[in-house]
Protein chains: 4
Amino acid sequence: MGMVGGGIGAFIGAVHRAAASLDGEIELVAGAFSSDAKRSKASGKELHIDPARCYGSYQEMAQAEARLPVDERIDFVSIVTPNHTHFDISKTFLEAGFNVVCDKPMTFDLAQAKKLRTIVEKSGKVFALTHNYTGYPMVKEARQLVKTGKLGKILKIVVEYPQGWLLTALENENQKQAAWRTDPKQAGASCCIGDIGTHAENLARYITGLRITELCADFTTFVPGRQLEDDGNLLVRYDNGARGILYASQISGGEENNLNIRIYGEKASLEWFQEHPNELVVKYSDKPRQTLRRGNDYLSQAAKDATRLPPGHPEAFIEAFANIYRAAARSIDREVHGKKPLKNPDFPTVEDGVEGMAFIETAVKSAKSKAKWTRAIGA
Amino acid sequence: MGMVGGGIGAFIGAVHRAAASLDGEIELVAGAFSSDAKRSKASGKELHIDPARCYGSYQEMAQAEARLPVDERIDFVSIVTPNHTHFDISKTFLEAGFNVVCDKPMTFDLAQAKKLRTIVEKSGKVFALTHNYTGYPMVKEARQLVKTGKLGKILKIVVEYPQGWLLTALENENQKQAAWRTDPKQAGASCCIGDIGTHAENLARYITGLRITELCADFTTFVPGRQLEDDGNLLVRYDNGARGILYASQISGGEENNLNIRIYGEKASLEWFQEHPNELVVKYSDKPRQTLRRGNDYLSQAAKDATRLPPGHPEAFIEAFANIYRAAARSIDREVHGKKPLKNPDFPTVEDGVEGMAFIETAVKSAKSKAKWTRAIGA
Amino acid sequence: MGMVGGGIGAFIGAVHRAAASLDGEIELVAGAFSSDAKRSKASGKELHIDPARCYGSYQEMAQAEARLPVDERIDFVSIVTPNHTHFDISKTFLEAGFNVVCDKPMTFDLAQAKKLRTIVEKSGKVFALTHNYTGYPMVKEARQLVKTGKLGKILKIVVEYPQGWLLTALENENQKQAAWRTDPKQAGASCCIGDIGTHAENLARYITGLRITELCADFTTFVPGRQLEDDGNLLVRYDNGARGILYASQISGGEENNLNIRIYGEKASLEWFQEHPNELVVKYSDKPRQTLRRGNDYLSQAAKDATRLPPGHPEAFIEAFANIYRAAARSIDREVHGKKPLKNPDFPTVEDGVEGMAFIETAVKSAKSKAKWTRAIGA
Amino acid sequence: MGMVGGGIGAFIGAVHRAAASLDGEIELVAGAFSSDAKRSKASGKELHIDPARCYGSYQEMAQAEARLPVDERIDFVSIVTPNHTHFDISKTFLEAGFNVVCDKPMTFDLAQAKKLRTIVEKSGKVFALTHNYTGYPMVKEARQLVKTGKLGKILKIVVEYPQGWLLTALENENQKQAAWRTDPKQAGASCCIGDIGTHAENLARYITGLRITELCADFTTFVPGRQLEDDGNLLVRYDNGARGILYASQISGGEENNLNIRIYGEKASLEWFQEHPNELVVKYSDKPRQTLRRGNDYLSQAAKDATRLPPGHPEAFIEAFANIYRAAARSIDREVHGKKPLKNPDFPTVEDGVEGMAFIETAVKSAKSKAKWTRAIGA
């Protein structure tokens, strides 16, 4: 693979590389790690990349790689830049004939997302979006429990994503991560819901298959001077009649990355916490609670396929991320070798990206109308 | 004390009696345990009550007790009947000169609640409402942490109260508890929010001292044929600018009585679960999480005063309930003996009852308007 | 009932009273609360006891109560004094025709315990020992799981009882509890194993029905100047071939009262923590873990009979203690009214007391021999 | 690096490869993946290794690699074969001038271990042993807490390692992992203590720096026909006077890989569970418990250096393993480039291997003597 962004020092680039390489199936061989050619080369050197394939811009990279023989060029590009640049970079590579793995949120706004969807469809290429939390084995188990009817009809979904790292105005202290996320020009119309609320929406949709039909949002900017919301609380309604709460927060001091979900069905309920990802609790009205643990034989095939280690040898964030890469890579491998695509590949696609952007815009619209119930904007 | 309601077999009556008698400071000596004189006597017999003081109606009881010499009559009455009867019974005893401990919700509706407040004020008697969850020592510790500024300004409150026992139509199976709670004629305008949402509101207010200024409610009746909501999700705004989520549910299958609260402040945050009441977690942005445990010397005086056992010897529901009784009894004792009332007695009063009823009416109003933000109705 | 010991201020007396009175089936009507007649009367007054029945010594009490008409005298006496006095007091009351509830450890040494057993047997009276931890509903559930073969053959038992309160020489600071427990003249041959190790032994035996056949003990006195061990670690072997670890400690700083047990069987395993008594975890090799929670319909009758509150309304230490009292009281009631004794009354008896004392002596003997495997001394 | 053993399908080989490659600092370039040349080549092909460097035996590999120019040959070999082969393979590579990373237990017996120590010392090469559990960041934090005196003098250590996978005779079902571990010819004198008890001993020693001076062991073989123990319980004494319990079990049904440790000091105590590795609990007698969480700024430099992801983005087994590899690789890199060795490299060495083997032999000796206290055999 090749990479755009993710120069040495950029946290998310290192995560993508570790995730991609975990199974020994993907090798990083080219990159435009920085828009500054020198820094790109420097990063490439540290990563043991052939200097000839360390490019000074993504445009240069797309052109140069496309000129290489098919079996020498990259099979796909991984885009790990801030989200306002995703559209142009994706477009460039897709149109140059490359498959794409792209960090989320997918684009700057919904309009871009829809355009990108059209481009992807036209290209016939694989486009994967790294909604990494759906890579966890126990999330896949949760999805199977719903799919196979173990929960019965879903009645209620509570999904939370509290973080505390933006409780102070880090963006004024030269903290890059904070700076672009709170800047409407780079992050778009939303900070908290865009950055992490979309993970919550994606997680609920991945597990249950349900879509939000309307929602009612309360956005707050707690830190003075900040231009976008740092806390968003939503009442939501799903297309099967289920109701729910979805919230994301970046000012919940002392919370780290506490994404969690509870799903209540007519027959059973479940509960999963990202910070303890190896366990999934299933609750019943009339029998003991069960704790399902990763790696065991009693789990679904989907959960087992997403696991590398035996029970009790905990897996975590990197492995979940790697599952997205591995699933995407297997589809990409088929594309590159002209094979028929898999029927139900298990990774987030451009469709998920459009859904996510539509969710953000709906929430922003509702929040602006002072939490009036707002019909979901079409994805 | 005397008791109205709570005949043998009624769960809540037994809880009140156990809580009242735990410290050996309160003795049950009279009762109108049933509106059927025979059954009242039968219950009284099992409770070792003098048959002469087992009455066939609360009216009879109030009159008869009032005729006894002051040092022989009951000091207060405990009312454990369904809530649509609370007003009349309370009024009767207050006007007959008795102090009152009353189960919650306080009355049938807000109008009644306000009238009762006037009657209490005029009577000069003690009126205690058994919002029992505020009796837990670690809830008192939480309150002290807020009061003494350990959390800084409160930004966000998430309070949940999921139960699952009404997931099926128990009210059609002769289950009394379910029957009256889902009957608008007995329960009033709300089932779920009235029955348990009020505990959530009370808990948040008790700990933080904050009042809801507006809210946006989504009520659902999941069980077909049921007349009142069995699930209620609210976005709330507090009078200091804090935002929050408050929800209650009776159809969350597999949940038992999972009242819990998280409070996020500028300096620290806290988390408490009623089902593990002996622990209180305090989270910081820049130092390790703390788990405060009941019974330890490092706790506040308020928490220590509410404790009977050393650390590690767990206390639970009955003790918390008993704390409400003990606090009320100490105020009642002063009233009976003509002493000046205590300055800050630590038990829920008629004021809390009015606040609770106002909260219910506000939520119902918002839900009816399809979750429009609704200004809090004055308490 | 009557009480010996437990004057105002003595923690354990208050626990016994609260436990005894919880269900309204037992009333405290007499006592020798102190060996100082004045202090006994003072305590009795605070407890609303008829002054005529507040005695200056247990001998006086036994005689005076025995002179009362049968339906006026106490049905049983509760003994809550330090353990070196248990034998004489028990003997006195048993021989005066009274049933006895006695705090543990039962006697000063094994010889006394065996004598007491003979006295109890001769008397035909009920003798109950308050090994209170076996009163927990989920401990009763654990016992049923073993009894009904759900665990299969038991292979291994790990039972721990760490406390930290004797990490410093409290006995030199006028702390009464610490003083008598660390004094060989009052506590006997062992401090830590005698005081709390016996609870661990009793708990394992109650749940599994297994007896220790030999053990290997390592006793340590960590606090300088202390005369008895404050930490004891044991390897144990049970009569069905099971192996195990049993330890008790009073110098495990930061531990409160963390009695816990894990039992491994051929078919399933279980785990219970006294500090979270409402849950029992069952682990399987080939299916998800189960968490059984107090109060649910799916539990055994034994667990349900020991419960007062619905699921999610936590019960704790006092209720477990009350279960011992209630079970004993029901047997006492039959004795007093000349009815045939119950077949399998569920409370610890003089037999458990003898077993406990034999366990202590075996452990002491092994520790003195420097942890040689030591055959269990006959109970 | 090169690898001996770990052909496709061998679980532990895959773990080593993933751990080694996680940071992009180590590349697998050669291997003798099987003693069957064809299978070795086949494995190498799947791993994208140059066929010329896929060898049919480790001897061939050592010779061939040694003939390559220094900058083309492997820098070190990773040995992931069963333990009875470790000595010969290590010796061969060390004497051929290569650094070694070796799986544990280090050798077949203590005599071999001591010989290997001499060979390592003579060679001047780096020898690392993958006691992977000491790679966890929170284990490193625990070690720092002890080192910096936060716990005060250590009094007691309880370390447990229960697993359940050998509860049935898997070795008779063609399960390779079970077969060699229960075969005295391959595993040596011990199964359970050798395989996992050594991890427990190593963990306790790594964190506290304490050495066992004597121990008293009870070994049991629960599964009929098995030749080595599948459960071992030990009383242990440490060289500072601390006492402890150490046990390992492979027949604790329902346990997965539940290595855990509790350490009690005069000032504070700590508790860590491998299955929830991102948290470390510190308990105090006089202040609230603390939960330290991986990735936070308040942790020691040692814990921070061992971390790749921010707080709340859980890390687990692979990362801990990778920390051993990374630390070893950095020392190896210095060796290869002729730089002075680091002063306190943080990975397990041949010394740890000798200690581990001595521990096993002491435990076996004690168990054979029927748990007589046995002085530690010199390492």
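**Notes on how the chains fit together**

1. Strand β13 (residues 289-293) of chain A and strand β13 (residues 289-293) of chain C run antiparallel and are joined by three bridges. Pairing here requires at least two bridges found by DSSP between the two strands. Strands (E, at least two residues) and helices (H or I, at least four) are DSSP runs counted from the N terminus. Within this pair, Thr291(A) sits opposite Arg289(C) of β13(C).

2. A word on the ground rules: this is a predicted model, where local features need pLDDT of at least 70, side-chain atom pairs count only at pLDDT 80 or more, and totals for chains, interfaces and linings use all residues. Residues are numbered from 1 along each chain as its sequence is written, while chains are lettered from A and ligands numbered from 1 in the order in which they are written.

3. Back to chains A and C: nine residues from chain C and nine residues from chain A make up the contact. On the chain C side there are three nonpolar, two polar and four charged residues. (Contact means C-beta atoms, placed from the backbone, within 7 Å; Ala, Val, Leu, Ile, Met, Phe, Trp, Tyr, Cys and Pro count as nonpolar, Asp, Glu, Lys and Arg as charged, and the others, Gly among them, as polar.)

4. How does chain C map onto chain A? A turn of 180° with a shift of 0.0 Å along the axis does it, at an RMSD of 0.0 Å. The fit is least squares on C-alpha atoms of residues with pLDDT of at least 70 in both copies. Gln290(C) has the C-alpha nearest the axis in chain C, 2.3 Å away from it. The copies meet through the same surface, because 100% of the interface residues of chain C are also interface residues in chain A.

5. Now chains A and B. Chain A lands on chain B after a rotation of 180° with 0.0 Å of shift along its axis (RMSD 0.0 Å), which is the relation of a two-fold axis. In chain A, the C-alpha nearest that axis belongs to Lys372(A), at 3.0 Å.

6. Inside chain C, look at the open sheet of five strands, paired parallel in the order β2-β1-β3-β4-β5. Its edge strands, β2 (30-32) and β5 (127-129), each pair on one side only. Strand β1 (residues 2-4) of chain C pairs with β2(C) over three bridges, in the parallel sense, and Gly2(C) stands opposite Ala30(C) there.

7. Finally, helix α11 (residues 317-336) of chain C lies across β3 (76-79), β4 (99-102) and β5 of chain C, at about 170° to β4(C). Angles run from 0 to 180 degrees between N-to-C directions, using axes fitted to C-alpha atoms, for helices over the stretch in contact.

How values were computed:
Contact = placed C-beta atoms within 7 Å.
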